[in-house]
2 protein chains.
Amino acid sequence: MLHGLSINNRKPEELRALARDRRELAISKTGRLKALLLNEAKLLEFHADLRIWMVSSARPLSESALPSRPETGLVPLRHSTLGRLMSRMALSAEDEQALISAARARTFERDDVVLAEGGRCDALHMLCGGAARASRTLEGGNLQIVSVFLPGDALNPGDVLLGRSPTTISALTSSLVLSIPADELRSLLTHRPSIVRALWRETALLASIQRERLIGLGRKAAEARLAHVLCEFAYRLQKDARDGDAVELPLTQVELADLLGLSPVHVNRVLQHLRGRRLVEFSRGRLVIWKKNDLYAFAEFDPQYLQTELADDS
Amino acid sequence: MLHGLSINNRKPEELRALARDRRELAISKTGRLKALLLNEAKLLEFHADLRIWMVSSARPLSESALPSRPETGLVPLRHSTLGRLMSRMALSAEDEQALISAARARTFERDDVVLAEGGRCDALHMLCGGAARASRTLEGGNLQIVSVFLPGDALNPGDVLLGRSPTTISALTSSLVLSIPADELRSLLTHRPSIVRALWRETALLASIQRERLIGLGRKAAEARLAHVLCEFAYRLQKDARDGDAVELPLTQVELADLLGLSPVHVNRVLQHLRGRRLVEFSRGRLVIWKKNDLYAFAEFDPQYLQTELADDS
DNA sequence: CGGCCGTTTGAGCCACATCAACCGGGGTGG
DNA sequence: CCACCCCGGTTGATGTGGCTCAAACGGCCG
C-alpha cells in the first residue's frame, strides 16, 4: 500500500496517476481491501488537489480576495474535504490561503502515531481524510479513547496552545493530516485574529463532544451510552441522513469499547440488543440508523451541541 | 445572610462595614455558620476592593500602562482573588482594566443558578470567590456534575463562543461572579487579541480537566477515580501544599458522587478506605492529603495538565 | 488450505448500585 | 435552654450490570 512510498515530492499528475491505479486495482478486489484501495485513491487525489490549489492561489491574492468567500474563481476545492474543513472554520479567502500555505500534508496508516502522549506539542494538526483517535493508556494496560476525529476536525486545537500533548493521537484508517508547525502557527495567530477565533471554536467544540461523552460515562447505562455515540457519529458524518441511510464508521467493537469504557464482550451484546430493537445496526464499519427519532430519544441525544453555526431562534 | 441585600448600589465603605459586621458576628459563632460568615465577609471585602479598583484605575491609564504588568502602582489587588484571576489570564494592565471595567459583579447563594441549561448564553462569567459547578440532569433524574469551578476560573469560556449553555451552572457556596455581557464582550474580543487568547486558553484548560475526568470515569476503579479528583482539587486550590496541609473544598459526598458517576454510599466507603490507608482524608469540606507522592502515584495523577504556564524543559 | 482478526456465545464472578435504617451535630423553634 | 429536626454521613443486606475467562465462529487474505 502507501507504506513507504513518499508522497511529498511528487507532482500532482503523478499523484493522480497513482490514485487511478488504486481505483483500477480496487475493481477486481472485494470487501475490506477494496475499501482500503478506494480510501487511498481518495487521499492521493486529495493530495493532488491540495498541491494544485497551493500553487495556483499563491499569486493572485489581493484581487481575488472578495469580502466573503467566493463561490467561483480559482478555488476548485469547495466541495472536497479540504473545502469542508475550511467552510467549517468560516475563514476569509485570505486567511484560508495563509493557513493552508503554512501547512505540510502527511499520510498515516492505521495505528501510526501522529502525536505521542506526553511529548511537546509543536504543531497544529488537522484531519482531512480518514479517521483518528486520541487515547490514553493507563498503568493497568487499560486504554481509554478520549476523542474520535473525522475529516474536518482539528486534532489538537487546545493542546497546541498549552504546549503539551496529553494523549496519544493515532490513525484509525489511512489518513491525511495537514500540519502547521508551531513557529508558522505563531505568526498566523498574531496576524490573523479570525484564525485564532476559529481554533478557539474548534477547541470549544471538541470540549462539547467530550462533555457529552463524560455525562454518558458517568450516568448512562451501557445501552444508552452506545446509542449516543452512534448518534453522534452518524450526525457528524452526515447531518441530514434519513432513516435507513448507511454511513462508514471505521471502528471495531473493541475500539467502541475503549471509547465507552466498556468491555468488548459487552459492547457486542448491547449492539445485538439495539439491533434487535431495530434502532441501529453497526457491523464491520457500516452504521445504519433505522429509527432516528426513537434512537435520539432513547439516547437522549440532542445534536445542538454539535452545531457549528449558531441557530438564531429565541 | 446576604439574601436580599443589594450589593450593587453600595459604596465601598459601606461594604467594608458590612464585612466587618460579619467577621465580628463570626467570632461568637461556631462550625459551619462561622465559615459561612467569614466567606461572606471575604466576598464583601472583595466587592469593595473591586469598586475602588475600578474607580481609581479609570483615569490614569496611558501613563501607568507599563509594557508588562507592574508590581507596584495603583493596583491594590495583586494578591486578592481578582489578582489571581487576572494573573492567570496574563493580560497587560490595559487589557485587565478593559476586561474588569466591562464586568458586572453579582453574588449567588448556594444552589442559585448562574446559567440555566439549554438557554442562550449571552455573557461571559468568571468566578471570583466561592465555588460553582456545571451539571446536567438526565431523564431518569440522575445528575452528572461536569465541572467544578474554583476562584479564578472562567465558568463558560467555550459556551459563550458557541452561544448556548449546555449545562446548568450553579453555586456550591456563596459566590461572587463577574459577568461580561455579550455585546461588551464582542467589542473586547475584536479590539483586544490577548483577551481572545486568554479565553481560548481557559477553554483548553477546562477541556483538559474534563478529559482527565473522562479517562477516570471510563477506565479507573472508584478508588483511583476519587483519589484523582481529590488530587486535582488540592492542587488547584493550593499548588504547593505540603503533606498534611488542609484545604477547604466545599463539596458533600453526594456531590462527589455526582461528579464521579458513583453512588453516595460507595463514595463514603471508598473515602473510608482511603482514610484507612492514610493517604487522604476528607470530611465536611476539609481536605487533607497525608502522602502526596503515594496518592499521586495511586491515582495516576500528573499535575502537568493543570499547568497554566508551560514549563520549558526538554 | 491455513491463519488471523473481528465477532459471537456461555459461565461465573465482582464492583458497585439500591434500599433501608441509624447516627450525630448544629441550627431552629418552642 | 431544651427538644426537635434536618442534613450529611455511616452501616448492613441484598441485587445486578457489566467484567473476565475461555472457546468457537466466520470472513478475508496470503
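**Figure 1. Polar contacts to the phosphates of DNA strand C in the predicted model.** In this predicted model, an N or O atom in the side chain of B:His266 is placed 3.5 Å from a phosphate oxygen of DNA strand C. The side chain of B:Ser263 also contributes an N or O atom, here at 2.9 Å from a phosphate oxygen of the strand. For A:Gln253, the contact is made through the backbone: one of its polar backbone atoms lies 2.7 Å from a phosphate oxygen of DNA strand C.

**Figure 2. The protein surface near DNA strand C.** Eighteen residues, written here as 18, surround DNA strand C, and those that come nearest are A:Gln253, A:Asn268, A:Gln272, B:Ala222 and B:Ser263. Of the atoms of DNA strand C that come within 4 Å of the protein, 65% belong to sugar and phosphate. Three helices each supply at least two residues of this surface: α11 (264–276) of chain A, α2 (31–56) of chain B and α11 (264–276) of chain B. The most is given by α11(A), which provides five residues. Sorted by class, the surface near DNA strand C comprises eight polar, six nonpolar and four charged residues.

**Figure 3. The hairpin of β4 and β5 in chain A.** Strand β4 (residues 132–137) of chain A runs antiparallel to β5(A), and six bridges join the pair. Within this pairing, A:Phe149 of β5(A) is found opposite A:Ala132. Five residues lie between the two strands of the hairpin, and in the turn A:Gly141 adopts a positive phi of about 95°. Strand β5 of chain A, which spans residues 143–149, is mostly covered, with six of its seven residues buried.

**Figure 4. The open three-stranded sheet of chain A.** The strands of this open sheet follow the order β1-β7-β3 in chain A, with antiparallel pairing. The edges are taken by β1 (104–108) and β3 (123–129) of chain A; each has a single partner strand, so one side of each is left without a neighbour in the sheet. From one strand to the next, the twist averages 30°. Five bridges connect β1(A) with strand β7 (residues 175–181) of chain A in the antiparallel sense. One of the bridge pairs joins A:Thr107 to A:Leu176 in β7(A).

**Figure 5. The loop residue A:Ala103.** A:Ala103 is located in the loop between α5 (93–101) and β1 of chain A. Is this residue buried or exposed? The relative accessibility of A:Ala103 is 12%, and the residue therefore counts as buried, the cut-off being under 20%. A:Ser208 is 105 residues away from A:Ala103 in sequence, and their C-alpha atoms are 26 Å apart in space.

**Figure 6. The surroundings of B:Asn156.** B:Asn156 belongs to the loop between β5 (143–149) and α6 (159–162) of chain B. With a relative accessible area of 0%, B:Asn156 is buried. Which backbone oxygen lies 3.0 Å from a polar atom of the side chain of B:Asn156? The partner is the backbone oxygen of B:Ala123. When residues up to four places away in sequence are not counted, B:Asn156 touches B:Leu115, B:Cys121, B:Ala123, B:Leu124, B:His125 and B:Ile169. B:Ala123 thus appears both in this set of contacts and as the provider of the backbone oxygen at 3.0 Å.

Methods
Residues numbered from 1 in each chain as written. Chains lettered and ligands numbered in written order. Predicted model: local features only at pLDDT ≥ 70, side-chain atom pairs only at ≥ 80, totals over all residues. Heavy atoms only, no water. Buried < 20%, exposed > 50% of the residue type's maximum accessible area, 1.4 Å probe, protein only. Helix = DSSP H or I, 4+ residues; strand = E, 2+ residues; numbered from the N terminus. Pairing = 2+ DSSP bridges. Axes fitted to C-alpha atoms, helices over the stretch in contact; angles between N-to-C directions. Near = heavy atom within 4 Å. Polar contact = N/O pair within 3.5 Å; in protein donor to acceptor, adjacent residues only side chain to side chain. Nonpolar A, V, L, I, M, F, W, Y, C, P; charged D, E, K, R; others polar. Contact = heavy atoms within 4.5 Å.
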